[in-house]
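Work through the exercises below with the structure open beside you. Try each task before you read its solution.

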Amino acid sequence: MSDATPSSETPGFDDMTRDIAEVPAVEVIVTVAVNLMSAAAVKLGLTEDGDEHKDLDEARKLVHALAGLLDASATEISSFHAAPLRDGLKSLQLAFREASLVPDEPGQGPGEKYTGPVFG
């Protein structure tokens, strides 16, 4: 018997595809953005565990990916969804700048390729 046999406890590919098909694109985009924000916050040491998971190199990648996603989807999601995500992105960018021992030049920080220089 193979380990690849689907069990009644785990959904099959068809079930997952059907579930995804029912989710509006805006919801998928927002969910991905929130996941990127959460992961970046952890890597910036902004959680209860603080420095335990802090990794600025990883945080840079996540913040940059978030900025790219928001830039690419700006015309696809309403300002109702986009505004809080942009605010969260700016907060993460400022937290990154604050956490860096050697701050990036204005416009060179994570995601600033998409947002322009971020100042407090």
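**Exercise 1: a charged network**

Asp57, Glu58 and Lys61 are linked in a network of salt bridges. A salt bridge is a side-chain nitrogen of Lys or Arg within 4 Å of a carboxyl oxygen of Asp or Glu. This is a predicted model: local features need pLDDT of at least 70, side-chain atom pairs count only at pLDDT 80 or more, and totals for chains, interfaces and linings use all residues. Residues are numbered from 1 along each chain as its sequence is written, and side-chain values use heavy atoms, with hydrogens and water left out.

Task: find which residues pair with lysine 61 in salt bridges.

Solution.
- Step 1. Start with aspartate 57. Its closest O atom and the closest N atom of lysine 61 are 3.4 Å apart.
- Step 2. Locate this pair. Both residues lie in helix α3 (residues 56-73), four residues apart, about one turn of the helix. Helices are DSSP runs (H or I, at least four residues), numbered from the N terminus.
- Step 3. Turn to glutamate 58. Its side chain meets that of lysine 61 at 3.5 Å, N to O. These two also share helix α3, three residues apart.
- Step 4. Recall the principle. Side chains of opposite charge can pair when their charged atoms come close.

**Exercise 2: buried or exposed?**

Task: classify lysine 61, aspartate 57 and glutamate 58 by relative accessible area.

Solution.
- Step 1. Set the cut-offs. Buried means under 20% relative accessible area, exposed over 50%, partly exposed in between (1.4 Å probe, protein chains only).
- Step 2. Lysine 61 has 47%, so it is partly exposed.
- Step 3. Aspartate 57 has 44%, so it is partly exposed.
- Step 4. Glutamate 58 has 30%, so it is partly exposed.

**Exercise 3: a link across the chain**

Task: find the salt-bridge partner of aspartate 104, and say where each residue lies.

Solution.
- Step 1. The partner is arginine 60, with the closest N and O atoms 2.8 Å apart.
- Step 2. Aspartate 104 sits in the loop between α4 (79-99) and α5, while arginine 60 is in helix α3. The two are 44 residues apart, and the pair links distant parts of the chain.
- Step 3. Check accessibility. Aspartate 104 is partly exposed because its value is 21%. Arginine 60 is partly exposed because its value is 28%.
- Step 4. Place the pair in the total: the structure holds five salt bridges.
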